[in-house]
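Here are my notes on this two-chain model, in the order I would go through them at the screen. Have the structure open as you read.

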Amino acid sequence: MKRKTILEEVLDRGFTRRDFLKMCTALAATMGLDFSQTDQVVAAMEKNQRVPVIWLQFQDCTGCSESFIRSTHPKVESVLLNMISLEYSEALSAASGHQIEAALEHVLEHYPGEYILAVEGSLPTDDAFLTVGGVSAKETFLRAAKGAKAIIAYGSCSSWGGIPAAYPNPTKAKPITHFVKDKPVVLVPGCPPIAEVMTGVIAHIITFGKLPELDHLGRPKAFYRHRIHDKCNRRAYFDAGLFAESFDDEGARQGYCLYKVGCKGPTTYNSCAEMRWNGGVSYPIQSGNPCIGCSEKGFWDNGPFFVRRAKIPASQTTINPETVGAIAVGVTAAGVAAHAAVTAMKKKDEHHDRGE
Amino acid sequence: MSIPTNPKIEQKRTEVIWKRSRKAKHIELNDHMVKVYVWELPVRIFHWINAFSILVLMITGVFIGRPFVSASIQEEAYYSFLMGWARYVHFFVAFLFTINLAVRWYWVYKGNEHATSNPFRLSFWKEAFETIKYYLFMKNNKKHYIGHNPLAQLSYWIFIGLGSIIMMLTGYYLLFEPQPESIYGKMFMWVAHLFGGDSYSVRSWHHLVAWGFIIFTVVHVYMAFREDYLQRNGTMSSIFTGYKLERKKEALGEQDEK
């Protein structure tokens with residue numbers, strides 16, 4: 001049976017070609033493409049078939065799936081129904097039990113090298129912590145990864161290890177990149193990632209048949225190129241040196257910078273400040289809460305959310321560098337004073353010995 | 001009990017000087033004393049620019065990390081640019097610090113015997129150990145050094161050498177990380193992998209090592225005054241004039257041998 005192209009699927013569902021073009025334009029914008037590249041998106045959607053997607057969940061909280069289904073541009077239903085064919089998902093599949101497992105087998109067998117594997121959650125290196133139906137998480141993952149065209153790591157857990165890998169990491173959790181080295185992997189970190197970023201990445205792979213441009217850590221540049229801090233709506237207050245000192249002071253009411261209440265914006269790469277959440281309504285900093293840096297590597301171990309800290313290298317311990325530094329200088333000064341006292345005393349003795 | 005420095009041993013010539021051929025100049029005062037030109041002008045200029053830079057970088061740096069002053073009245077952002085200026089000053093002085101250090105590295109090869117140091121010798125470490133014993137008021141064989149003693153040299157390797165390199169690499173990474181495509185961004189992107197991978201880890205290094213400089217400064221200033229107090233050879237004034245007052249035998253020991 002000839003598979004229908006995405007355009008044909010859309011027309012079959014009663015949309016007009018005009019609707020289709022609108023969808024493609026919105027999609028190009030979401031993917032971070034130039035307006036002039038819209039025709040490439042249109043061409044791809046006219047020619048390409050829906051791509052089978054397997055969505056596996058390991059040590060996760062389903063938050064990424066929850067975020068994904070709240071995508072507004074493109075609408076999640078247009079992604080799910082028109083662009084991809086979500087063959088296996090623990091959260092969204094209507095089927096269950098043997099039927100859904102059969103659907104998974106069907107994809108692995110019939111579409112090798114064609115399907116996209118989306119992974120949510122980290123994998124334990126100790127199988128005892130995650131084995132379903134006698135099959136370990138690692139085995140399930142490696143089996144699905146073998147024939148995948150590309151793997152998308154959705155969320156901080158699958159990208160960096162996330163909360164399951166946080167100290168003391170009882171399950172010895174590792175990101176998926178620890179287990180698969182020979183497949184193209186795109187990291188979409190965030191706890192959860194922004195819905196439009198999740199759909200945008202998958203749309204890019206479908207449209208162009210390859211991964212989007214990645215940065216040095218393997219994240220798509222279109223969405224993780226900029227720091228929250230550099231695109232922040234409160235940045236002017238930062239440069240002016242106007243800071244909220246606590247959550248209930250006048251500065252907080254005036255919308256001052258949240259740097260002193262622990263904002264991790266200066267060390268966090270994500271598109272929250274540009275794309276925002278819930279269809280572009282707002283994002284944490286705009287709503288008065290400092291960024292917690294959820295899309296950064298090891299974010300759970302980077303100290304408490306509402307204070308500024310520095311991490312002692314190669315540990316999960318964070319300290320206040322100014323306080324500890326000042327104490328260290330104080331101890332040094334005390335040591336110097338004691339040393340000086342002993343020196344002076346001995347010098348006096350020496351003079352005395354010589355009879356001076 | 002006395003200060004355990006043996007005058008006989010003190011008069012032994014130092015062994016840890018690397019470029020013996022580049023003898024420091026001296027002026028004879030009388031039969032016993034000479035003025036040795038220990039710190040040449042570029043070394044002194046380096047010293048004071050470096051001291052100034054560290055002071056300014058530390059003040060602005062702590063402000064950037066933990067803004068300790070702020071407008072006392074409610075105002076809108078367009079009235080002031082306090083953090084902006086703190087950052088501008090920090091970056092400008094950082095470049096000054098870097099250029100200054102580069103010139104000093106050049107002077108290692110160009111300057112006199114006291115402008116350099118060679119830790120790749122056993123005698124360096126042996127004498128450094130003797131110096132530690134001296135500072136702990138223990139019996140020791142520390143010699144008298146006209147330039148820096150080996151322990152002091154080691155502290156410069158660690159704080160002014162390694163410390164500066166860590167601060168410059170992490171600092172420039174933090175400065176250029178928002179522009180990864182620019183030439184400067186590309187020059188420093190690799191730094192992240194060396195210091196933990198993510199922006200937060202690189203920043204943590206920058207914040208922690210900064211305090212190493214202040215601890216170094218406290219000890220360094222104390223040691224300089226202490227040396228001046230015990231040796232009475234003009235250690236403190238030498239960083240302004242370049243000259244130290246030394247016994248002729250010690251300063252010109254080699255020539256006596258010939």
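Two residues are in contact here if their C-beta atoms, placed from the backbone, lie within 7 Å. Keep in mind throughout that this is a predicted model.

1. Start with helix H5 of chain B, residues 150-176. What does H5(B) pack against? Its buried residues pack against helix H3 (82-110), helix H4 (122-135), helix H6 (183-188), helix H7 (191-194) and H8 of chain B. The buried set itself is Pro150(B), Gln153(B), Ser164(B), Met167(B), Thr170(B), Gly171(B), Tyr173(B) and Leu174(B).

2. Now look at the course of that helix. H5(B) has 27 residues and reaches 37 Å from its first C-alpha to its last, close to the 39 Å expected at 1.5 Å a residue. There is a kink in H5(B) too, of about 30°, and Gly163(B) sits at its centre. Ser164(B), next in the numbering, is one of the buried residues of the helix.

3. Stepping back to chain B as a whole, I get 11 helices and three strands. The order along the sequence is α-β-β-α-α-α-α-α-α-α-α-β-α-α. Of the 258 residues in the chain, 26% are buried. For contacts with a separation of 6 or more, 67% are between residues 24 or more positions apart.

4. Next, the interface. On the chain B side 39 residues are in contact with 40 residues of chain A. Helix H2 (41-65), H3 and H8 of chain B are the elements that give two or more residues to that side. Which of them gives the most? H8(B) does, with 16 residues. By class, the chain B side has 23 nonpolar, 12 polar and four charged residues. H3 and H8 deserve a second look, as both also pack against the buried residues of H5(B).

5. On chain A, helix H7 (residues 137-146) makes a neat small case. Its buried residues are Ala137(A), Phe141(A) and Ala144(A). Viewed down the axis of H7(A), these fall within an arc of 70°, so they line one face of the helix. That fits the usual geometry: an α-helix has 3.6 residues a turn, so residues three or four places apart point the same way. The buried residues of H7(A) pack against helix H6 (97-110) and against five strands of chain A by name: E1 (51-57), E3 (116-120), E4 (123-124), E5 (131-132) and E6 (135-136).

6. Please check the backbone at two prolines in chain A. The peptide bond from Tyr167(A) to Pro168(A) is cis, with omega near 5°, and Pro168(A) is in the loop between helix H8 (155-160) and strand E8 (173-174). Another cis bond joins Cys191(A) and Pro192(A), with omega about -5°. Pro192(A) is in the loop between strand E9 (185-188) and helix H9 (195-208) of chain A. For context, most residues other than glycine have a negative phi, and most peptide bonds are trans.

7. Two positive phi values also go on the list. Lys172(A) is not a glycine, yet its phi is about 55°; it lies in the loop between H8 and E8 of chain A. With 15 C-beta neighbours inside 10 Å, Lys172(A) counts as partly exposed. In chain B, Arg232(B) has a phi near 55° and lies in the loop between helix H8 (199-231) and helix H9 (235-241). Is Arg232(B) buried or exposed? It is exposed, with 9 other C-beta atoms within 10 Å.

8. On annotation, UniProt (unreviewed entry) lists residues 61-205 of chain A as "domain: NADH:ubiquinone oxidoreductase-like 20kDa subunit". That span is 38% helix and 19% strand, and its end C-alpha atoms lie 25 Å apart. UniProt also lists residues 224-305 of chain A, again from an unreviewed entry, as "domain: Cytochrome-c3 hydrogenase C-terminal". Here the span is 20% helix and 0% strand, with end C-alpha atoms 21 Å apart.

9. Last, Glu274(A), in helix H13 (residues 272-275) of chain A. Leaving out residues up to four places away in sequence, Glu274(A) touches His226(A) and Lys231(A). Glu274(A) counts as partly exposed, with 15 C-beta neighbours inside 10 Å.

Notes
Residues are numbered from 1 along each chain as its sequence is written. Chains are lettered from A and ligands numbered from 1 in the order in which they are written. This is a predicted model: local features need pLDDT of at least 70, side-chain atom pairs count only at pLDDT 80 or more; totals for chains, interfaces and linings use all residues. Helices (H or I, at least four residues) and strands (E, at least two) are DSSP runs, numbered from the N terminus. A residue is buried if 20 or more other C-beta atoms lie within 10 Å of its own, exposed if 12 or fewer, and partly exposed in between; C-beta atoms are placed from the backbone. UniProt positions are given in the numbering used here, feature names are shortened, and annotations may be inferred rather than shown by experiment. The arc is that of the directions from the helix axis to the C-beta atoms. The expected span of a helix is 1.5 Å times one less than its number of residues. The bend at a residue is the angle between axes fitted to the seven residues ending there and the seven starting there. Ala, Val, Leu, Ile, Met, Phe, Trp, Tyr, Cys and Pro count as nonpolar, Asp, Glu, Lys and Arg as charged, and the others, Gly among them, as polar.
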